Amino acid sequence: MASILKRFSAIFLMGVLLTSCKKDMKPTADPNSLVETQPAIQKPITVKVNGAIGGYYSALPVHYNETTKSYPLLIFIPGSGQFGNGALDLPAILNDGVAQILDEKKFPPNFTVNGKNFSMIVLTPQFSHYPANDEIASFIEYARKNYRIDATRIYISGLSMGGFVTSAFASEYASLVAAAVPISGVLTSGDLTARCLRIAQGKLAVWVFHNTEDPTINSSDSMDFVSMINNDHPSIPAKLTLFKASVHDAWTKAIDPAFKENKMNIYEWMLQYSK
C-alpha cells in the first residue's frame, strides 16, 4: 500500500510540475517589435566610400542584429573643422554634432511619433574636402547597400559647412530624402530661384536654424532661403528658427533632444515625414 501511495504521489507531482511549466512558458517576443531602451552603439568605420569620404561613424540600435526590419536613416554632415582622412583623423567627428551626443550616450534610443516607435541609424561621414552632391548621394547608396535602411525615411542634417551641403543636396536630390535640417549655414550659390523651386516641388520638409547675430554666416541667408522656398507654395512649408545669440554655434541647441518646438525635437519632427 505504501508503495502504491509513493507511486501515485510521484505521478501527481510530475503532473503539477508539467502544468506549472506550461503556465510559465511565454511566446518568444518578436525582436522587430522591441522598443529600444539602451543607447545606440556607435563605432568608427574606416572605408573609402568615394573621393570625399574615407571613413565615418556608424550608430546602430542595440538590437539591430537581432531584427530583420528596416530603420530610418539620419545622415549628419559635420563642419569643415572636422575634415580628415577617415582613419586617424576620424575621432575629430566626436567633438561636435550628433556624433558627440551619441558618444555621450545622450541620443534617445527611441522616438514615439504619431503613436509609432522609431529607432534611427545615424551615420556621420568625415570629409577630406567640401563634398559634391553626387558624393553625398553615393554615401547614401553605400548606406542602403550595407545597412537595412527604410528608403522612405532618409533624413539629412548638418552644421555650418554641413548646413550648406545639406541644403545644396536637398536642392538637387529632393526626391531622395524626406526631410532636411540645415543649421548655421544654407545654400547661397547657383541659381537659387531654380534650386529652391526644386525643393518646394519635391515635397521635402525643411527646417532651418540660425543665430540672429551669427558673426560667421549672416542669418539673413537662412531667412532668404526659407522665404524663397515658401514663395513657391510648397505642400510642406519650410520652417525657420532663429535663436537670439551672437555666436556661430546654433547647432548645440538645435540638435539637443531636449530642445523642442511645438512639442517636437528635430528628430521627432523629421520622423513625421516619409517619401
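Reader: Let's start with Asn117. In which strand is the place of Asn117?
Author: Happy to help, and keep in mind that this is a predicted model. The protein chain has eight helices and ten strands. The strand that holds Asn117 covers residues 116-118, and that is strand 5.

Reader: Is Asn117 buried, partly exposed or exposed?
Author: The relative accessible area of Asn117 is 38%. Buried means under 20% and exposed means over 50%, with partly exposed in between. Asn117 is therefore partly exposed.

Reader: Which residues is Asn117 in contact with, leaving aside its neighbours within four places in sequence?
Author: Sequence distance and distance in space are two separate things to look at here. Asn117 and Leu271, for example, are 154 residues apart in sequence and 9.9 Å apart in space, C-alpha to C-alpha. With the neighbours within four places left aside, the contacts of Asn117 are Val35, Asn110, Phe111 and Thr112.

Reader: Now the sheet, please. Which strands stand at its edges?
Author: Eight strands form an open sheet with mixed pairing, in the order 1-2-6-3-7-8-9-10. A strand at the edge has a single partner strand, so one side of it is left without a neighbour in the sheet. Residues 41-46 and residues 239-243 are in that position, and they are strand 1 and strand 10.

Reader: How much does the twist average from one strand to the next?
Author: Follow the open sheet along its order, 1-2-6-3-7-8-9-10. Going from one strand to the next, the average twist is 15°.

Reader: Which residue in strand 6 stands opposite Tyr57?
Author: Strand 2 (residues 53-60) runs antiparallel to strand 6 (residues 121-127), and six bridges join them. In this pairing Ile53 stands opposite Phe127. On its other pairing, with strand 1, strand 2 has Tyr57 opposite Pro44. In strand 6, the residue opposite Tyr57 is Thr124.

Reader: How many residues are in the hairpin that joins strand 1 to strand 2?
Author: Strand 1 and strand 2 pair in the antiparallel sense, over six bridges. The hairpin that connects strand 1 to strand 2 passes through six residues.

Reader: Why is strand 2 largely enclosed by the rest of the structure?
Author: For the whole protein chain of 275 residues, buried residues make up 49%. Helix 3 (residues 133-146) lies across strand 2, along with strand 3, strand 6 and strand 7. Strand 2 is largely enclosed because its buried residues number eight of eight.

Reader: Which residues touch the most other members of the largest nonpolar core?
Author: This core has 44 residues, and its largest share, six residues, comes from helix 3. Another core, of 36 residues, lies apart from it and includes Ile101 and Phe118. In the largest core, the residues that touch the most other members are Ile121, Leu123, Tyr147 and Phe225.

Reader: And helix 4 with helix 5: at what angle do they pack?
Author: Two packed helices are described by the angle between their axes and the distance between the axes. Helix 4 (residues 161-172) and helix 5 (residues 192-201) have axes 7 Å apart, and they pack at an angle of about 70°.

Reader: Is helix 4 roughly parallel or roughly perpendicular to helix 5?
Author: Angles of 65 to 115 degrees count as roughly perpendicular. The angle here is about 70°. Helix 4 and helix 5 are therefore roughly perpendicular.

Note on methods. Residues numbered from 1 in each chain as written. Predicted model: local features only at pLDDT ≥ 70, side-chain atom pairs only at ≥ 80, totals over all residues. Heavy atoms only, no water. Axes fitted to C-alpha atoms, helices over the stretch in contact; angles between N-to-C directions. Helix = DSSP H or I, 4+ residues; strand = E, 2+ residues; numbered from the N terminus. Parallel < 35°, antiparallel > 145°, perpendicular 65-115°, else oblique. Pairing = 2+ DSSP bridges. Contact = heavy atoms within 4.5 Å. Core = buried A, V, L, I, M, F, W, Y, C linked by side-chain atoms within 4.5 Å. Buried < 20%, exposed > 50% of the residue type's maximum accessible area, 1.4 Å probe, protein only.
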